Amino acid sequence: MFADFIKNLLQPNPPRLSNLDSRLALGALLVRVARADGHYDPAEVTKIETVLSDRYSLSQSDATELRIRAEHLEEEAPDTVRFTRAIKDAVPYEDRESVIESLWSVVLADGARDHDEDTLLRLVANLLGVNDRDSALARQRVEAKAK
């Protein structure tokens, strides 16, 4: 099912993703970050659905369906760099900080920060062209909203 999608991501110069594929890529990246600590918490699942629903104005059932598809893609996908490149190509620079905020909201959804999640998020932010300072500010905004 995802063979063509992954094949496109593996190309040296992958084509720009369609809106549906960019949603799927972001969903898979959210799942990958949530799974980075080896524990995929129900609170993280819920947060992923909320992020997808809010970001793309999806119904709850459509957000759940997209999350499930993203979970399958994440399991089959070779690496984080290609996901991130696809998202970077699909999301204008000025909106990438909101992607980082979404990723932080998933990392913090279970109430715990994990070293593996932090490391992966630092890599992803860098690949998206978001510096450590702006990523930290995005995390602080997410933490402030959670209080």
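**Exercise 1. Check the length of helix H3 against its residue count, then describe its burial and its cover.**

Helices here are DSSP runs of H or I with at least four residues, numbered from the N terminus, while strands are E runs of at least two. The expected span of a helix is 1.5 Å times one less than its number of residues. At 1.5 Å a residue, the 15 residues of H3 should therefore span 21 Å, and the 21 Å between its end C-alpha atoms agrees with this.

The model is a predicted one, in which local features need pLDDT of at least 70 and side-chain atom pairs count only at pLDDT 80 or more, whereas totals for chains, interfaces and linings use all residues. Residues are numbered from 1 along each chain as its sequence is written, and side-chain values use heavy atoms, with hydrogens and water left out.

Next comes burial, where buried means under 20% relative accessible area, exposed over 50%, and partly exposed in between (1.4 Å probe, protein chains only). In H3 the buried residues are Glu-44, Val-45, Ile-48, Glu-49, Val-51, Leu-52, Ser-53 and Tyr-56. The cover over them includes H2, helix H4 (60–76), H6 and H7, a contact being heavy atoms within 4.5 Å.

**Exercise 2. Work out where the buried residues of helix H7 (115–128) lie around its axis.**

Begin with the length: the 14 residues of H7 should span 20 Å at 1.5 Å a residue, and its end C-alpha atoms are 20 Å apart, which agrees. Then list the buried residues of H7, which are Glu-117, Leu-120, Leu-121, Val-124, Ala-125 and Leu-128. Seen down the axis of H7, these buried residues fall within an arc of 135°, so they line one face of the helix; the arc is that of the directions from the helix axis to the C-beta atoms. An α-helix has 3.6 residues a turn, so residues three or four places apart point the same way.

On the other side of H7, His-115, Arg-122 and Asn-126 are exposed. The buried residues of H7 have a cover that includes helix H2 (19–35), H3, helix H5 (80–90), H6 and H8.

**Exercise 3. Place Val-31 in the structure and find what it touches.**

Val-31 has its place in helix H2, and it counts as buried because its relative accessibility is 0%. Not counting residues up to four places away in sequence, Val-31 touches Tyr-40, Ile-48, Ala-70, Glu-71 and Glu-74. Val-31 and Glu-74 are 43 residues apart along the chain, yet their C-alpha atoms are separated by 6.8 Å.

For the chain as a whole, 76% of the contacts between residues at least 6 apart in sequence join residues at least 24 apart. The chain has eight helices and zero strands, and buried residues make up 45% of its 147 residues.

**Exercise 4. Identify which helices line the second largest pocket, and by how much H7 contributes.**

A pocket is an open set of points on a 1 Å grid over the protein atoms alone, where a 1.4 Å probe fits, with protein on both sides within 12 Å along at least five of seven lines; lining residues have an atom within 4 Å of a point. The second largest pocket has a volume of about 200 Å³, a volume being the space filled by probe spheres set on the points. The elements that give two or more residues to its lining are H7 and H8, and H7 gives the most, with six residues.
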